[in-house]
Amino acid sequence: MRLTYQSTRGGESGVTASMAILQGLAKDGGLFMPVEIPKLDVSFETLSGLTYQETAYEVMKLFFADFTEEELKSCISKAYDSKFDTGEIAPLAKVDGAYYLELYHGSTIAFKDMALSILPHLMTVSAKKNKADKEIVILTATSGDTGKAAMAGFADVPGTRIIVFYPKDGVSRIQELQMRTQKGDNTSVVAIRGNFDDAQTGVKRLFGNQALKEELVSKGFQLSSANSINIGRLVPQVVYYVYAYARLLANQELEQGEEINVVVPTGNFGNILAAYFAKKMGLPIKTLVCASNENKVLYDFFTTGTYDKRREFILTSSPSMDILISSNLERLIYLSTGCDGAANAAFMQELAEKGSYTITPAMREFMSDFTGGFATQKENAAAIKNIFDRAGYLIDTHTGVAAAVYKHYRASTGDTAKTVIVSTASPYKFSGSVMEAIAGSEELVGRDEFQIVDDLSRFTGTAIPAAVEEIRSAPVLHNLECDVEKMEETVKNLLGI
Ligand SMILES: *Cc1c(COP(=O)(O)O)cnc(C)c1O
């Protein structure tokens, strides 16, 4: 029996992988989930001899069951090529007793490249398979990194358009410039006057707008999503956990079967959910440490069982994690109810109407592999400085949250299991905050963004990534801005309808 997908809210089932990718979100507003999480069917001995691309095939073939071997291998080879600045694609660095899994070697220097390099290929194959004749319109909300990575992936891909919404004052200057200099006739970027949650909720509302959908279909368009609510984003993210474990085995850092912990800097709960999928596939992962910044809604959730988004939204030095509604948590909630769509839908309705929900003790027990931690901006900066001073290793502000949370986790639990810390962005994407952390805020006075980039390079002896050099002089091509209430109108204008 081929693996199929169903909605976390119970309204759709028996959906093929390709249809789930094409659709992005289920019609009932739920997220697509495989009916079961498949087990790896090759040994770790075999895996430890595989390249990243080969590992990707072993993982993805199990989830994307209606793709042929040829289709999948072609998507993989187009995605994980010289766009990455290292042949390893996702290298590990052993620093200060932990392993940093560097996921920022792709073209937009954040971990979103890991999945968004392949999603456009999965999507075009899916469209062909399902004889979709409409132009695919990718609507995406971004907290800064998804937008650029998605546009880079979809730019000039025939049969697609992409529209990205980002929070006007909620991204770093480099992130904003990366997006607003994006080339490609089919790309659009819109700054919204609101925060990331406004952008994400607005996009989800457009997906749920039946009248809009019908109008789009009649004009030859079909909506899809490049956010991590799309299963085509989530599955490629499972790969690097399997790959990392296999590399550690190959390098004799681990014994056969030895359990590791993973620490993941978390916002929308996509990356850490992928780690959980990897565990369910058979990877020996003990604890999944969910690291939050001061928007610590997930920390509170894992410590109390209550998810409560009713709180102040804080703009931090790790903007890609400034999120109060973590979309992918819905997938874990769903699993923890025993895949009860109605029960999950009730929690999500409570969240939408009341702003909070409390899960049952049994559901909490189900999630006991997870533990939450958070770091303040001060602790984050101290972690970045400490690792740089002690080991000469430079991390960004998101990875800094994970490093600070890991330190605290270790000290408070005494758990000394070997640990993979997921490193999600190049420090150059957040050069101002990173420079401030290692050299002090006085170093920033009177310096513009690119002077700070140069300072950071000089101060740390690290090279400026090509992705940053590129935008130094690139012309700004996108100037659109809109209110949250005007997102529908903006989409229609952009599509000329
Ligand atoms: C998106 C992002 C995160 C958060 O990942 P989620 O999958 O949303 O939890 C962390 N760090 C960086 C740099 C990101 O771009």
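**Close-up views of the predicted model**

**View 1. Residues around the ligand.** In this predicted model, the ligand is surrounded by 15 residues, of which the closest are Lys112, Asp145, Gly267, Asn268 and Asn271.

**View 2. Polar contacts of the ligand.** The side chain of lysine 112, one of the closest residues in the first view, places an N or O atom 2.6 Å from an oxygen atom of the ligand. Backbone atoms take part as well: a polar backbone atom of phenylalanine 269 lies 3.1 Å from an oxygen atom of the ligand, and for glycine 270 a backbone N or O atom is found 3.2 Å from an oxygen atom of the ligand. Taken alone, the ligand would expose 380 Å², and the protein buries 99% of that area.

**View 3. Helix 8 and its surroundings.** Helix 8 spans residues 173-180 and is largely enclosed by the rest of the structure, because six of its eight residues are buried. The buried residues are Ile174, Gln175, Glu176, Leu177, Gln178 and Met179. They pack against helix 7 (145-154), strand 6 (160-167) and strand 7 (187-193), and also against helix 19 (431-439), helix 20 (449-460) and helix 21 (466-472), which come later in the numbering.

**View 4. The annotated N-terminal span.** Residues 4-80 are covered by the annotation "domain: Threonine synthase N-terminal", which comes from an unreviewed UniProt entry. Within the model, this span is 44% helix and 8% strand, and the C-alpha atoms at its two ends lie 26 Å apart.

Technical notes:
Residues numbered from 1 in each chain as written. Predicted model: local features only at pLDDT ≥ 70, side-chain atom pairs only at ≥ 80, totals over all residues. Heavy atoms only, no water. Buried < 20%, exposed > 50% of the residue type's maximum accessible area, 1.4 Å probe, protein only. Helix = DSSP H or I, 4+ residues; strand = E, 2+ residues; numbered from the N terminus. Contact = heavy atoms within 4.5 Å. UniProt positions renumbered as here; feature names shortened; annotations may be inferred. Near = heavy atom within 4 Å. Polar contact = N/O pair within 3.5 Å; in protein donor to acceptor, adjacent residues only side chain to side chain. Areas by Shrake-Rupley, 256 points an atom, 1.4 Å probe, with all protein chains shown as cover.
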